[in-house]
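Visitor: I have not seen this structure before. Please take me through it in questions and answers.

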Amino acid sequence: MNPELIQTWLKSAGIWSPIIYVALYVVATVLVLPSTALNLTGGAIFGPVLGTAWTSVGAIVAAIVSFGFTRTIGRVAVAKRLAGRWQAMDAEVRRGGLFYMFAIRLIPIMPYGLVNFAAGLTSITFKDYFLGTVLGTVPSVLPFVLLGSSGIKAIKTGDILPLLGSLALTGILVAGSTLYRHRRRFPKKATEILDKSNKSDSKDR
């Protein structure tokens with residue numbers, strides 16, 4: 001996805017640019033395309049405040065659409081596509097749905113769209129999914145929106161302090177998510193927990 005091309009489209013759209021941006025964000029996320037280019041573009045076009053707002057709206061709407069699709073007509077197709085991978089996520093969701101969803105949203109290298117579809121296959125409730133997504137999406141997109149906004153400002157004015165601040169926030173997010181990934185249990189272990197839980201449920205019945 002070309003940020004320069006996206007910026008050209010949005011600038012030519014005038015007052016419709018926020019709606020087009022949100023729609024583009026939803027489509028890109030549902031297709032599991034990288035969202036970093038859109039995050040940077042949101043900051044460059046709308047600025048830090050509105051950029052964060054519109055980017056968050058697009059990401060959250062896309063998350064709801066993908067989750068709803070998996071929970072209804074697309075469950076079989078998604079389950080085949082993600083066979084053997086979403087079970088580990090379900091094991092961790094059972095131990096703390098809202099917190100897990102919040103934490104996984106903060107991982108910048110985790111495909112946002114893929115998480116949406118996988119979550120629909122797990123036992124997480126829509127309430128926990130929605131709250132975890134809302135709480136985790138805003139801080140995860142903020143550094144990249146600020147990076148897009150401050151990058152344009154640095155080019156125009158030569159003021160690099162906002163850019164350095166944005167880079168620092170991005171670094172903190174990446175470092176924090178990396179630490180989280182190291183502290184998480186391996187998928188194989190999580191799947192074993194799920195299997196044990198299922199056996200326990202069967203005995204109780």
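Guide: What follows is a short set of questions on this predicted model.

Visitor: How many helices does the protein have, and how many strands?

Guide: From the N terminus on, the elements run α-α-α-α-α-α-α-α-α-α. The count for the secondary structure is therefore zero strands and 10 helices.

Visitor: What percentage of the residues count as buried?

Guide: A residue is buried when its relative accessible area is under 20%. The protein has 205 residues, and the share that counts as buried is 41%.

Visitor: What share of the accessible surface belongs to carbon and sulfur atoms?

Guide: The accessible surface of the protein comes to about 11,200 Å². Carbon and sulfur atoms hold a share of 69%.

Visitor: Among contacts with a separation of 6 or more, what share is between residues 24 or more positions apart?

Guide: Contact here means heavy atoms within 4.5 Å. Of the contacts with a separation of 6 or more, the share from residues 24 or more positions apart is 79%.

Visitor: Which helix supplies the largest share of the largest nonpolar core?

Guide: The largest nonpolar core has 28 residues, and those with the most contacts inside it are L82, M89, M101 and Y129. At least two residues each come from α1, α2, α3, α5, α6, α7 and α8. The largest share, six residues, comes from α7.

Visitor: Which residues does Y129 touch, leaving aside its neighbours within four places in sequence?

Guide: Y129 is among the residues with the most contacts inside the largest core. Leaving aside neighbours within four places, its contacts are A63, I64, F67, M101, R105, N116, A119 and I124.

Visitor: Is I64 buried, partly exposed or exposed?

Guide: I64 lies in helix α3, residues 36-71. Its relative accessibility is 33%, and buried would need a value under 20% while exposed would need one over 50%. I64 therefore counts as partly exposed.

Visitor: Which helix gives the largest share of the nonpolar surface patch?

Guide: The patch covers about 460 Å² and is made by I64, L98, F126, F130, L131 and L135. Four residues of the patch come from one helix, spanning residues 126-157, and this helix is α8.

Visitor: Why is α5 described as largely enclosed?

Guide: The buried residues of α5 are W86, A88, M89, D90, A91, E92 and V93. That is seven of the eight residues of the helix, so the rest of the structure largely encloses α5.

Visitor: What distance separates the end C-alpha atoms of α2?

Guide: Helix α2 has 14 residues. The expected span takes 1.5 Å times one less than the number of residues, which gives 20 Å. The end C-alpha atoms agree with this, being apart by 20 Å.

Visitor: Which residue just after α2 takes a positive phi?

Guide: Most residues other than glycine have a negative phi. In the loop between α2 and α3 is a residue with a relative accessible area of 34%, so it is partly exposed. Its phi is near 60 degrees, a positive value in a residue other than glycine, and the residue is V32.

Visitor: How far apart in space are T72 and G120, C-alpha to C-alpha?

Guide: T72 lies in the loop between α3 and α4, and at 54% relative accessibility it counts as exposed. In sequence T72 and G120 are 48 residues apart. In space, C-alpha to C-alpha, they are apart by 9.0 Å.

Note on methods: Residues are numbered from 1 along each chain as its sequence is written. This is a predicted model: local features need pLDDT of at least 70, side-chain atom pairs count only at pLDDT 80 or more; totals for chains, interfaces and linings use all residues. Side-chain values use heavy atoms; hydrogens and water are left out. Buried means under 20% relative accessible area, exposed over 50%, partly exposed in between (1.4 Å probe, protein chains only). Accessible areas come from the Shrake-Rupley method with a 1.4 Å probe; for residues, only the protein chains shown count as cover. Patches are made of residues with over 30% relative accessible area and no salt bridge: like charges are joined within 9 Å, nonpolar side chains (Val, Leu, Ile, Met, Phe, Trp, Tyr) within 5 Å. A salt bridge is a side-chain nitrogen of Lys or Arg within 4 Å of a carboxyl oxygen of Asp or Glu. A nonpolar core is a set of buried Ala, Val, Leu, Ile, Met, Phe, Trp, Tyr and Cys residues joined through side-chain atoms within 4.5 Å.
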